Amino acid sequence: MDNCLFCKIVRKEIPSTIVYEDEEIVAFKDINPIAPVHILVIPKKHFDSIKDIKEEDISLIGRIHLVINKIAKEQGVAESGYRVVTNSGRDSGQEVMHLHFHIIGGKVLGNKICQ
Ligand code: AMP
Ligand code: ZN
């Protein structure tokens, strides 16, 4: 997608702090972190959001969660705990229309996932 911000990060057209990359997945630090650990994990393939996931993408989406597991360990939050958030669509407040999984941790997050 030519004008997608996260596709531009995948193509290295705009800078980001990448913490993980393989042939299908990239993870980078959120530019506006809300916690000491705030990483975004994305498929390189463009999906607007979860709504675009199809049967053929199951293995990619599953593998993203293995990558989340690995990053959580590397970032030191696997034992203390962390939250994985995926906004999807208008009411969720999704700002960047390229599927992404927030890994948020490094502090006590409280028990509310919405306001
Ligand atoms: P969402 O509201 O779920 O769509 O989250 C979008 C996230 O992308 C926000 O947490 C932003 O801070 C983050 N973000 C926006 N632009 C960039 C960028 N250039 N590099 C890293 N993170 C970004
Ligand atoms: Zn994209």
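The following exercises, each with a worked solution, concern a predicted model of a protein with a bound ligand.

**Exercise 1. The surroundings of ligand 1**

Determine which residues come nearest to ligand 1, and how the residues of its shell divide by character.

*Solution.* Step one is to list the neighbours. There are 16 residues around ligand 1, and those that come nearest are Asp30, Asn87, Glu95, His100 and His102. Step two is to sort the shell by residue type: 7 residues are nonpolar, 6 are polar and 3 are charged.

**Exercise 2. Backbone atoms and cover**

Identify the distances between ligand 1 and backbone atoms of Ile31, Gly93 and Val96, and state what share of the ligand's accessible area the protein covers.

*Solution.* Begin with the nitrogen side: a nitrogen atom of ligand 1 is 3.1 Å from a backbone N or O atom of Ile31. Turn next to oxygen. A backbone N or O atom of Gly93 lies 3.5 Å from an oxygen atom of the ligand, and a polar backbone atom of Val96 is 3.0 Å from an oxygen atom of ligand 1. Finally, consider the cover: on its own, ligand 1 has 510 Å² of accessible area, of which the protein covers 86%.

**Exercise 3. The pocket and its elements**

Which pocket does ligand 1 take up, and which elements give two or more residues to its shell?

*Solution.* The ligand takes up the space of the largest pocket. Two or more residues of the shell come from each of α1 (5-10) and β2 (25-29). Of these elements, α1 gives the largest share, 3 residues.

**Exercise 4. An aromatic pair**

Classify the arrangement of the rings of Phe6 and Phe28, and locate both residues.

*Solution.* First, count the pairs: there is 1 aromatic pair. The ring centres of Phe6 and Phe28 are 5.2 Å apart and the planes stand at 75°, so the pair is edge-to-face. Phe6 belongs to helix α1 and Phe28 to strand β2, so the pair ties together parts 22 residues apart in sequence.

**Exercise 5. A backbone angle**

Where is Lys12 found, and what is its phi?

*Solution.* Lys12 is in the loop between α1 and β1 (18-21). Although Lys12 is not a glycine, its phi is positive, at about 65°.

Note on methods. Residues are numbered from 1 along each chain as its sequence is written. Chains are lettered from A and ligands numbered from 1 in the order in which they are written. This is a predicted model: local features need pLDDT of at least 70, side-chain atom pairs count only at pLDDT 80 or more; totals for chains, interfaces and linings use all residues. Side-chain values use heavy atoms; hydrogens and water are left out. A residue is near a molecule or strand if one of its heavy atoms lies within 4 Å of it. A polar contact is a pair of N or O atoms within 3.5 Å; within protein, one must be able to donate a hydrogen and the other to accept it, and residues adjacent in sequence count only if both atoms are side-chain atoms. Accessible areas come from the Shrake-Rupley method with a 1.4 Å probe; for residues, only the protein chains shown count as cover. On a 1 Å grid over the protein atoms alone, a cavity is a set of points where a 1.4 Å probe fits but cannot get out, and a pocket is an open set with protein on both sides within 12 Å along at least five of seven lines; lining residues have an atom within 4 Å of a point. A molecule sits in a cavity or pocket if more than half of its atoms lie within 2 Å of its grid points. Helices (H or I, at least four residues) and strands (E, at least two) are DSSP runs, numbered from the N terminus. Ala, Val, Leu, Ile, Met, Phe, Trp, Tyr, Cys and Pro count as nonpolar, Asp, Glu, Lys and Arg as charged, and the others, Gly among them, as polar. Rings of Phe, Tyr and Trp (its six-membered ring) pair if their centres lie within 6.5 Å; planes under 30 degrees apart count as stacked, over 60 as edge-to-face and the rest as tilted.
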